[in-house]
Amino acid sequence: MLKFSGAVSVLFTVLVASEARYRAVDYHGRKEITFNWIRDTHDVNRNQTAVLLQRDGYEPIRRQVRTDDGYLLTVYRIQPRKSPIGVILFHHGIRQSSDMWMFLGPKRSLAYQLYEAGYDVWFSNSRASPESDGHERLERDSDHYWDFSFHEIGTRDLPAMVDYILGETGAKSVHFVGYSEAGSAALVMLSELPDYNRKMASVELMAPPVFMNYGQFTWIARMLQPLRALFPWSVYYTRDALPTQICTLFRNECCMLFGQMADPGVGNATTSGPKPGCFNLEDVSLKQLEHYRQIIASGRFHQFDYGYSVNLHRYHRDPPPDYCLWDVTARVSLHYGNKDRTVDYRGVEQLSRKLPKSIEVQKTLYKGFEHRDFYRSPKTQTTVYPNIVKSIKRHTTTQ
């Protein structure tokens with residue numbers, strides 16, 4: 001307890017010292033608000049998914065999709081061998097790329113199973129993915145490039161990729177399979193852009209982080225709330241962002257909290273740097289983390305909280321509005337584990353109650369499953385994946 005109190009005291013000292021260098025400015029002040037710092041550009045393989053598909057005996061097709069705000073996203077397709085019976089889009093979690101779907105290798109990976117069953121399989125990469133191609137104007141290692149959360153992934157990235165795939169295939173709808181953050185983004189898309197519900201043949205979500213106030217790390221998120229009220233500027237200034245300060249002081253807790261949400265894909269792990277699964281601020285947008293912190297602390301699934309004055313300017317209300325889950329009319333199946341410390345099973349069950357009863361939400365609890373088991377554990381081959389395949393096939397016949 002003394003150690004904890006001492007850490008909090010140090011945190012206050014850091015924040016107060018920072019105030020000597022920066023004074024709070026209004027949202028419309030002289031400086032544009034951003035959420036990150038200038039970071040080093042990593043030497044990463046931006047074609048890793050294609051490499052793994054070829055390794056496993058599949059012919060990859062790589063395409064670039066432009067969002068309406070200028071991000072250049074990467075989508076992959078496994079070359080169809082015959083006329084497909086349906087189209088499936090796989091989307092990754094936070095700090096990941098589409099190569100996560102190859103983790104279990106041939107025959108065991110869900111994507112390969114569905115391809116062999118006769119589906120046209122696509123993989124998407126958000127603006128956060130190391131496999132995407134950056135931005136038409138912004139440098140990938142710049143502050144402004146990383147000024148987004150899962151809200152932008154849901155309202156801009158996913159719609160752009162869905163529309164591209166439908167245009168390429170001529171299909172009327174796609175089956176969507178998403179892990180972790182993909183679930184947050186998909187529900188944002190279906191809530192904010194209801195027309196996309198008609199473009200979803202089915203939505204299969206594994207460990208979707210929506211209502212997260214039941215997890216064991218809730219105290220971290222709530223501890224920051226009064227600090228942010230005292231120092232509202234601290235989340236905006238680059239090198240004084242609250243997530244940076246908190247995770248410097250509470251390194252182990254941040255490793256557990258954010259490291260469990262995902263870890264680098266099978267092809268992007270390196271021998272240097274943090275241990276696998278540990279928190280690395282250069283792997284993710286700070287605004288993504290802050291948005292998750294907010295929904296953990298509030299117990300609501302709501303848009304980004306910019307503070308009182310900015311909320312009034314952007315939303316014409318304070319606090320920010322909840323996402324309209326009652327507008328979700330696509331067929332949704334929820335897959336979640338009772339040992340998941342990041343997305344607690346009670347939050348997923350709360351999500352199922354918030355979705356409209358008319359869509360007959362399917363939910364399946366997997367005993368003993370932790371957060372990353374849904375794409376890393378071989379036991380998914382005989383538990384989770386058969387249920388997803390069965391669900392997709394059932395909805396394929398009713399399109």
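The exchange below concerns a predicted model of a protein.

Colleague: How many helices and strands does the protein have, and what percentage of its residues count as buried?
Modeller: In this predicted model, the secondary structure comprises 13 helices and eight strands. The surface that the protein exposes comes to about 16,800 Å², with carbon and sulfur atoms supplying 50% of it. Of the 399 residues, the share that counts as buried is 59%.

Colleague: Among contacts between residues at least 6 apart in sequence, what percentage join residues at least 24 apart?
Modeller: One example of a pair distant in sequence is Tyr76 and Val121, which are 45 residues apart along the chain, while their C-alpha atoms are 8.5 Å apart in space. Taken over the contacts in the protein between residues at least 6 apart in sequence, those that join residues at least 24 apart make up 77%.

Colleague: Which helix gives the largest share of the largest nonpolar core?
Modeller: The largest nonpolar core has 58 residues, and those with the most contacts inside it are Phe176, Leu187, Met200, Phe301 and Leu355. The largest share of this core amounts to eight residues, and they come from the helix spanning residues 150-169, which is α4.

Colleague: Which residues does Leu187 contact, leaving aside its neighbours within four places in sequence, and how many residues are in the other core?
Modeller: With those neighbours left aside, Leu187 is in contact with Leu205, Val210, Phe301, Leu325, Val328, Leu351 and Leu355. Apart from the core that holds Leu187 there lies another, whose members include Met100, Tyr112, Tyr179 and Ile388, and its count of residues is 33.

Colleague: Are α4 and α9 roughly parallel or roughly perpendicular?
Modeller: Two packed helices are described by the angle between their axes and the distance between the axes. For α4 and α9 (residues 286-298), the axes come within 8 Å and cross at roughly 105 degrees. Angles of 65 to 115 degrees count as roughly perpendicular, and therefore the relation of α4 to α9 is roughly perpendicular.

Colleague: Which residues of α9 are met by Phe150, His151, Glu152 and Ile153 of α4?
Modeller: The α4 side of this meeting is made by Phe150, His151, Glu152 and Ile153. On the α9 side, the residues are Lys287, Gln288, His291, Tyr292 and Ile295.

Colleague: Is His151 buried or exposed?
Modeller: His151 has its place in helix α4 and, not counting residues up to four places away in sequence, touches Val188, Glu192, His291, Gln303 and Tyr323. The limit for burial is a relative accessible area under 20%; His151 has 17%, so the residue is buried.

Colleague: Which residues does Gly70 contact, beyond its neighbours within four places in sequence?
Modeller: Gly70 sits in the loop between β1 (60-66) and β2 (72-78), and its relative accessible area of 0% makes it buried. Gly70 and Leu138 are 68 residues apart in sequence, yet 8.6 Å separates their C-alpha atoms. Leaving aside neighbours within four places, the contacts of Gly70 are Gly134, His135 and Glu136.

Colleague: Why do the buried residues of α10 line one face of the helix?
Modeller: The buried residues of α10 (residues 308-315) are Val310, Asn311 and Tyr315. They line one face because, seen down the axis of α10, they fall within an arc of 100 degrees.

Colleague: Which residue follows α10, and which peptide bond is cis?
Modeller: α10 is followed by His316, whose phi is positive, near 60 degrees. Pro319 lies in the loop between α10 and β7 (332-337). With omega near 5 degrees, the cis peptide bond is the one from Asp318 to Pro319.

Colleague: What is the relative accessible area of Arg95, and what is that of Ala207?
Modeller: Arg95, found in the loop between β3 (87-91) and α3 (110-116), has a positive phi of about 65 degrees although it is not a glycine. Ala207, in the loop between β6 (200-206) and α6 (218-230), has a positive phi near 50 degrees and is likewise a residue other than glycine. Burial requires a relative accessible area under 20%; Arg95 is buried at 12%, and Ala207 is buried at 0%.

Conventions. Residues are numbered from 1 along each chain as its sequence is written. This is a predicted model: local features need pLDDT of at least 70, side-chain atom pairs count only at pLDDT 80 or more; totals for chains, interfaces and linings use all residues. Side-chain values use heavy atoms; hydrogens and water are left out. Buried means under 20% relative accessible area, exposed over 50%, partly exposed in between (1.4 Å probe, protein chains only). Helices (H or I, at least four residues) and strands (E, at least two) are DSSP runs, numbered from the N terminus. The arc is that of the directions from the helix axis to the C-beta atoms. A nonpolar core is a set of buried Ala, Val, Leu, Ile, Met, Phe, Trp, Tyr and Cys residues joined through side-chain atoms within 4.5 Å. Contact means heavy atoms within 4.5 Å. Accessible areas come from the Shrake-Rupley method with a 1.4 Å probe; for residues, only the protein chains shown count as cover. Axes are lines fitted to C-alpha atoms, for helices over the stretch in contact, and angles run from 0 to 180 degrees between N-to-C directions. Angles under 35 degrees count as roughly parallel, over 145 as roughly antiparallel, 65 to 115 as roughly perpendicular and the rest as oblique.
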